[in-house]
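Let's take a stroll through a protein model, one piece at a time. Keep the structure open beside you as you read.

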Amino acid sequence: DLVTSSLPATQEFSTSKILSGSSSPTTSKHSSAAISTALLHTTTKSTTEAPTTMHHNTTNSTTEAPTTMHHNTTNSTTEAPTTTHSNATTAPTPPPTTPPVPNPTVGNYSVKSDNVTVCLLAKMGLQFSFKMSENSSFQTLNFDPSANVTEVSGTCGSGGNDSSLLLKSDEITVHFVFTNVSQKFRLHALTLSVNLENGNVFNASNNNLSLWEASVGSSYMCRKEQSYNITDKLTLNTFQLQVQPFAVQNNKFNTAEDCIECFLDSDLRFLVPIAVGVALSFLIILVLISYLIGRRKSRTGYQSV
């Protein structure tokens, strides 16, 4: 009776049937105990496997979801910087170019001793290249010889005195000094002053020059462009130059002496390539003649043998 009270309806029917058919009380006790043990084992097995299955499903769902999301995030953050970097490239800007300075206007200048007699004549175009400091670049200016812009003055040299020519404009002032030594004159000194637009003033001078040398009673002439380094910061460029600082007659230039330095600086540049070409031609001809002579001698020797 105790066993049947603790089992369900189906199990109670089976237990009663077993008890009614049994002949021994010992066998009934063992059978009841076996049935109770089997039912307990079945209940325990069902309650143990259910949590295992649910735990397995829960583990799979929580593990795969973060893995998929992490993979997508990595791909999106890797491609974005590549596109931004390619659009940042720009082409370099070429440096500005400075236009060349044109040749200056040629001016005619004269100095008179008594406001009537001319004692100094000069004809030239003047161009000055200078720099304010060692690290700065050169600036180039042309001198304007127009009468309404330039003032002309100077001194006449006689009895061993020097002659001078002073040219002055609003922007440039230049002073030439000529000396006479042993009936030979030359440019002895030059002084330049330039008023710049920014308010600065450039000054340079050289009192130990030996330029434009010729005999007294004649003129110095060099019609081609010439460049003279007055100082390390000043270069004088002249165009169509002709000067006569002493012994001017009839207010005109006397006969110009041949200028050796003008010839060497200009015409010699054309003569040197011509001379080199002629020398190479003679050398080639000499080599050909020597080759032909040697070839004839070798042929004659073979025939005699």
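## A hairpin to start with

In strand β2, the residue that S110 has as its bridge partner is L121. This is a predicted model, and that pairing is a handy way into it. S110 belongs to strand β1, which covers residues 107-112. Strand β2 takes in residues 118-130, and the two strands run antiparallel, joined by six bridges.

Now look at which way the side chains of β1 point. They alternate: G107, Y109 and V111 go to one face and are buried. N108, S110 and K112 go to the other face, and these three are not buried. Between the strands of this hairpin sit five residues, and N115 in the hairpin takes a positive phi near 65 degrees.

## Positive phi elsewhere

Most residues other than glycine have a negative phi. With that in mind, what is phi for W212? It is near 55 degrees, so here's a positive value in a residue that isn't glycine. You'll find W212 in strand β9, residues 211-215. Its relative accessible area is 0%, so W212 is buried.

A247 is another one to look at: it isn't a glycine, yet its phi is positive, about 55 degrees. A247 sits in the loop between β12 (234-244) and β13 (256-257). Is A247 buried or exposed, or something in between? Its relative accessibility is 40%, so it counts as partly exposed.

## Rings that pair up

Searching the whole structure turns up five aromatic pairs. One of them is F176 with W212: the ring centres are 6.0 Å apart and the planes are at 35 degrees, so this pair is tilted. The two rings come from distant parts of the chain, with F176 in strand β6 and W212 in strand β9, 36 residues apart. F176 is buried, and its relative accessible area is 0%.

W212 also pairs with F178. That pair is tilted too, with 6.3 Å from centre to centre and 35 degrees between the planes. Again distant parts of the chain are linked: F178 is in strand β6 and W212 in strand β9, 34 residues apart. F178 has a relative accessible area of 3%, which means it is buried. Zoom out a little and you'll see a cluster, in which ring pairs link F176, F178, W212 and Y228.

## A serine in a loop

Where does S169 sit? It is in the loop between β5 (163-168) and β6 (172-181). Being in a loop doesn't leave S169 out in the open here: its relative accessibility is 14%, and because buried means under 20%, S169 counts as buried. Leaving aside residues up to four places away in sequence, S169 touches F143, V149 and T150.

## How far to trust it

Before you read too much into any corner of the model, check the confidence. The chain averages a pLDDT of 74, and 61% of the residues score at least 70. Over residues 1-78, though, pLDDT stays under 50. For that stretch the model has 14 contacts beyond four places in sequence. Where pLDDT is low, the predicted coordinates should not be read in detail.

Methods: Residues are numbered from 1 along each chain as its sequence is written. This is a predicted model: local features need pLDDT of at least 70, side-chain atom pairs count only at pLDDT 80 or more; totals for chains, interfaces and linings use all residues. Side-chain values use heavy atoms; hydrogens and water are left out. Helices (H or I, at least four residues) and strands (E, at least two) are DSSP runs, numbered from the N terminus. Buried means under 20% relative accessible area, exposed over 50%, partly exposed in between (1.4 Å probe, protein chains only). Contact means heavy atoms within 4.5 Å. Two strands pair if DSSP finds at least two bridges between them. pLDDT is the predictor's confidence in each residue, from 0 to 100. Rings of Phe, Tyr and Trp (its six-membered ring) pair if their centres lie within 6.5 Å; planes under 30 degrees apart count as stacked, over 60 as edge-to-face and the rest as tilted.
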